[in-house]
Amino acid sequence: MSKKDELAKYIVHRPKEFNPEVILVYLDTIDRHFIKAEELYDEHKDQMQEMFDYVVSEKVLNNSTSIAQAKVQATNDERYKKVKAELRKTKALYLLKKIEAKNGHSYCDNLKQQSINQLAIDKLTRTN
């Protein structure tokens, strides 16, 4: 199996059967990863805005240009482009962790339903 074909960790470590304690730990873990990714994404959004404001201010002071002209120059500044590229990476990570958390919760709900169905089948077959 190639590196690309490997299963994501959240799939590899998912519970195989309905056990509330195991499921709680699993969901807690994927939710924490999602929260950390969201915090990192928010932090990078703030950094991008701060960098943009800093570069605009610098351009206005150093080049004696208008704010509108400084904003245009700031969007082409390498420092701003670097922070913006980091934001895109953290957004991708955030979206991935969001999907993983959603899929993990859905999977565990499915396990619960399967367990309920199996209990009903067992009860029906014992009484007949």
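The loop between H2 and H3 holds Ser64, and this is a good place to start reading the predicted model. Ser64 comes right after H2 and has a positive phi. Most residues other than glycine have a negative phi. The phi of Ser64, near 50°, is therefore worth pausing over, since Ser64 is a residue other than glycine with a positive value. Is Ser64 buried or exposed? Its relative accessible area is 67%, so Ser64 counts as exposed, the cut-off being over 50%.

The helix that leads up to this loop, H2, spans residues 20-63 and contains 44 residues. From its first C-alpha to its last, H2 reaches 63 Å, close to the 64 Å expected at 1.5 Å a residue.

On the other side of the loop lies H3, and the two helices meet. The axes of H2 and H3 come within 8 Å and cross at roughly 125°. H2 is therefore oblique to H3, an angle of this kind being neither over 145 degrees, as for roughly antiparallel helices, nor within the 65 to 115 range of roughly perpendicular ones. The crossing in which H2 passes H3 is right-handed. From H2, the residues that make the contact are Phe52, Val55, Val56, Lys59, Val60 and Asn63. Their partners on H3 are Ile67, Ala70, Lys71, Gln73, Ala74 and Thr75. Residues three or four places apart in an α-helix point the same way, because the helix has 3.6 residues a turn.

Some of these names return in the interior of the model. The largest nonpolar core has 14 residues, and those that touch the most other members are Met48, Phe52, Val56, Ala74 and Tyr94. Which elements give two or more residues to this core? They are H2, H3 (67-75) and H4. Of these, H2 gives the most, with seven residues. Another core, of seven residues, lies apart from the largest one. Among its members are Tyr10, Ile23, Leu27 and Leu111. Phe52 also repays a closer look: leaving out residues up to four places away in sequence, Phe52 touches Lys71, Ala74, Thr75 and Tyr80.

Helix H4 (residues 78-127) offers three further residues to visit, beginning with Lys89. Lys89 has its place in H4 and, at 56% relative accessibility, counts as exposed. Along the chain, Lys89 and His44 are 45 residues apart, while their C-alpha atoms are separated by 9.6 Å.

Ala92 is also found in H4, which covers residues 78-127. With a relative accessibility of 46%, Ala92 counts as partly exposed, because that class lies between the 20% and 50% cut-offs. Ala92 and Asp42 are separated by 50 residues in sequence and, from C-alpha to C-alpha, by 12 Å in space.

Leu93 is another residue of H4. Its relative accessible area is 35%, which means that Leu93 is partly exposed. Which residues does Leu93 contact, leaving aside its neighbours within four places in sequence? They are Ala37 and Leu40. His13 is 80 residues from Leu93 in sequence, and the C-alpha atoms of the two are 19 Å apart in space.

Terms used. Residues numbered from 1 in each chain as written. Predicted model: local features only at pLDDT ≥ 70, side-chain atom pairs only at ≥ 80, totals over all residues. Heavy atoms only, no water. Helix = DSSP H or I, 4+ residues; strand = E, 2+ residues; numbered from the N terminus. Expected span 1.5 Å × (residues − 1). Buried < 20%, exposed > 50% of the residue type's maximum accessible area, 1.4 Å probe, protein only. Core = buried A, V, L, I, M, F, W, Y, C linked by side-chain atoms within 4.5 Å. Contact = heavy atoms within 4.5 Å. Axes fitted to C-alpha atoms, helices over the stretch in contact; angles between N-to-C directions. Parallel < 35°, antiparallel > 145°, perpendicular 65-115°, else oblique. Left-handed = near helix turned anticlockwise from the far one by under 90°.
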